[in-house]
Amino acid sequence: MTDSPRAFWPTALLTVTMLSTAHSRAQVQTALTDQDRADIKALTAAYAPALLGCKADEYADLFATPGGYFGSGPRGEVREREAIKEMVLSYDRCHPGAPPSGEPVSAAPAGRGRGTPRPAPVIEWAPEGAKSRAINSNGGGYYDDVYVKTPKGWRFKSRNVISDAEVAAHLATEDFIEIRQLAGDDHGHYENLYGPYNGPIGPRSPSAGRDDRPFRTSGLKLTPTKDGVAGLAYLRDNGGHYEDLYVKTPQGWRIKERKYFPPEKGKLLSQAPSPPR
């Protein structure tokens, strides 16, 4: 005897209900509430007062732990909490009476400041949580942000800064990320660097005694040039350093030149350690 079609209705209804529930959950995961947007705006509004006010702990608290980082060409990817705090305290304004170095700081909220009004950032959903891009300079420089929701609220998963010069060189966050991956900058091979702005920099030496030089870069320092992007990185537990030149090809970023300088007197050797992987 053939079963009645009605016998299959409960199963069919259950399947439809499960699919509808899954679809609803997917919709929730790809949407931001008004409260989410308000909390993210409060997070970004707290950034400038903490940075410009030399409030190192408050600034570090704005980043997710673990994994949240600040990134830029000259500063590298600053992930460790103590390095993030040292970065904040490295600026001239945090040392009254010290001679000015001329280091620029862009921390003005979007839409404010002198000159041409800047567009307000648009906060959008992202796989990590949310994202936005905020113009912070009249020259087109910007913050490229990714936000993640933590038990303590919304935090920066990453805040990458692209300067006016980098915009003019047609460089974006993705370019710097690709170059760091190419160079082996995974925060295990390269040292943090210390020294004055626009002056000689290098790692701290435990045997050299007290070293009060300000924090400068985490890992690989990148600088746009007319020939490509120059890189500087000191090898951990080695003392030598690389001076690189990266160029963009149809196949992506490549190392055009990599010079290894050993720790002894900065003499260039033809035989150098293999690039970290």
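**A tour of strand 10 and the disulfide**

Select Leu-232 and Glu-243: Leu-232 stands opposite Glu-243, which lies in strand 11. The model on screen is predicted.

Now widen the selection to residues 228-234, which make up strand 10. Is this strand mostly covered or mostly open? Six of the seven residues in strand 10 are buried, so the strand is mostly covered, with buried meaning under 20% relative accessible area.

Next, add residues 241-249, the whole of strand 11. Strands 10 and 11 are antiparallel and are paired by six bridges. Follow the chain from one to the other: the two strands form a hairpin with six residues between them. Stop in the turn at Asp-237, where phi is positive, about 60 degrees.

Go to strand 9, residues 221-225. How many bridges join strand 9 to strand 10? There are five, and these two strands run antiparallel. Pick Pro-224 to see one pairing: its bridge partner in strand 10 is Val-229. The hairpin that connects strand 9 to strand 10 passes through two residues.

Leave the strands and select Cys-54 and Cys-94. A disulfide joins these two residues, with an S to S distance of 2.0 Å. The structure holds one disulfide. Where in the chain are its two ends? Cys-54 sits in the loop between helix 3 (47-52) and helix 4 (56-60). Cys-94 sits in the loop between helix 5 (81-89) and strand 3 (124-126). The pair is 40 residues apart and links distant parts of the chain. Look along the S-S bond: the angle about it is -100 degrees, and the link of Cys-54 and Cys-94 is left-handed.

Finish on Cys-94 alone. Cys-94 counts as buried because its relative accessibility is 18%.

Key:
Residues numbered from 1 in each chain as written. Predicted model: local features only at pLDDT ≥ 70, side-chain atom pairs only at ≥ 80, totals over all residues. Heavy atoms only, no water. Buried < 20%, exposed > 50% of the residue type's maximum accessible area, 1.4 Å probe, protein only. Helix = DSSP H or I, 4+ residues; strand = E, 2+ residues; numbered from the N terminus. Pairing = 2+ DSSP bridges. Disulfide = S-S within 2.5 Å.
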